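This briefing covers strand pairing, nonpolar cores and the main pocket of the structure shown below.

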Amino acid sequence: DGGKTFDISRKGLPSKRPKVNTVWWEGYPRALAVHPDNPRKVYLGVDGDDGGGFFVSEDGGYRWKRSRTQPWSKKIYNALAVDPTDPGRIFWGASGDRGGVYLTTDEGKSWKRVFSAMTRVFDLAVAADGTIYCAGSADGPALYISEDHGKNWKMLNKFPAPNTTCDAICLDPDDPNAVFVGTLRWNDQAGGQIFYSPDKGRSWQDWTGNLSQL
């Protein structure tokens, strides 16, 4: 009903919070993605090797089932995205020793790592044309791009934001060239910024404005 009311959904999810290979000390439901052609099919990422992983709901999020096959790393923050040009293609971004981007082309039946140049991946977004953006940290806040469904990647930009990391991407659904990126400092420290590109990442502008305590 457009956010007027909410129900708590726990059926099929871990009965306790994972503790092994989590982003911080405990694992949580962190990343959500919706099938572009079937809004009742929802994907969820819960971080943590001991119970977390890739979950699927067939009824709009009321009940969940953990996929029998999982990405090699379950240390996920917000990086879960479905390719609108091929809904069977789902990308999972992980952080840590086994970090990078994992791809399934069969809705989670099998996975392979397709990107490992940046092992601290915090967010993913896939544009309407299938272009993939990958945000994280590579000795500073960085954004990578793939224009061939994850086969090849290149660094799009390293942002002039010292001691921060890229942790959020937003794409304009009405303008395929518009990309927004957010950076932050961990541990509740101020200093994050918002950057905007009007041309698919070729040039960037600082759009932080008067927002404070990012």
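Strands β13 and β14 (residues 179-184) run antiparallel and are joined by six bridges. The model is predicted, so local features need pLDDT of at least 70 and side-chain atom pairs pLDDT 80 or more, while totals for chains, interfaces and linings use all residues. Numbering starts from 1 along each chain as its sequence is written, and side-chain values use heavy atoms, without hydrogens and water.

**Sheet**
- Val 179 of β14 is the bridge partner of Leu 171.
- The two strands belong to an open, antiparallel sheet of four strands in the order β13-β14-β15-β16.
- Its edge strands, β13 (165-171) and β16 (205-206), each pair on one side only.
- Strands are DSSP E runs of at least two residues, numbered from the N terminus, and two of them pair if DSSP finds at least two bridges between them.

**Nonpolar cores**
- The largest nonpolar core (buried Ala, Val, Leu, Ile, Met, Phe, Trp, Tyr and Cys residues joined through side-chain atoms within 4.5 Å; buried means under 20% relative accessible area with a 1.4 Å probe, protein chains only) has 17 residues.
- Val 101, Phe 115, Met 118, Leu 124, Cys 134 and Trp 153 have the most contacts inside this core.
- β7 (100-104), β8 (112-115), β9 (120-126), β10 (132-137) and β11 (141-146) each supply at least two of its residues; the largest share, three residues, comes from β9.
- Another core, apart from this one, has 14 residues, including Ala 135, Leu 143, Ile 169 and Val 179.

Technical notes
Buried < 20%, exposed > 50% of the residue type's maximum accessible area, 1.4 Å probe, protein only.
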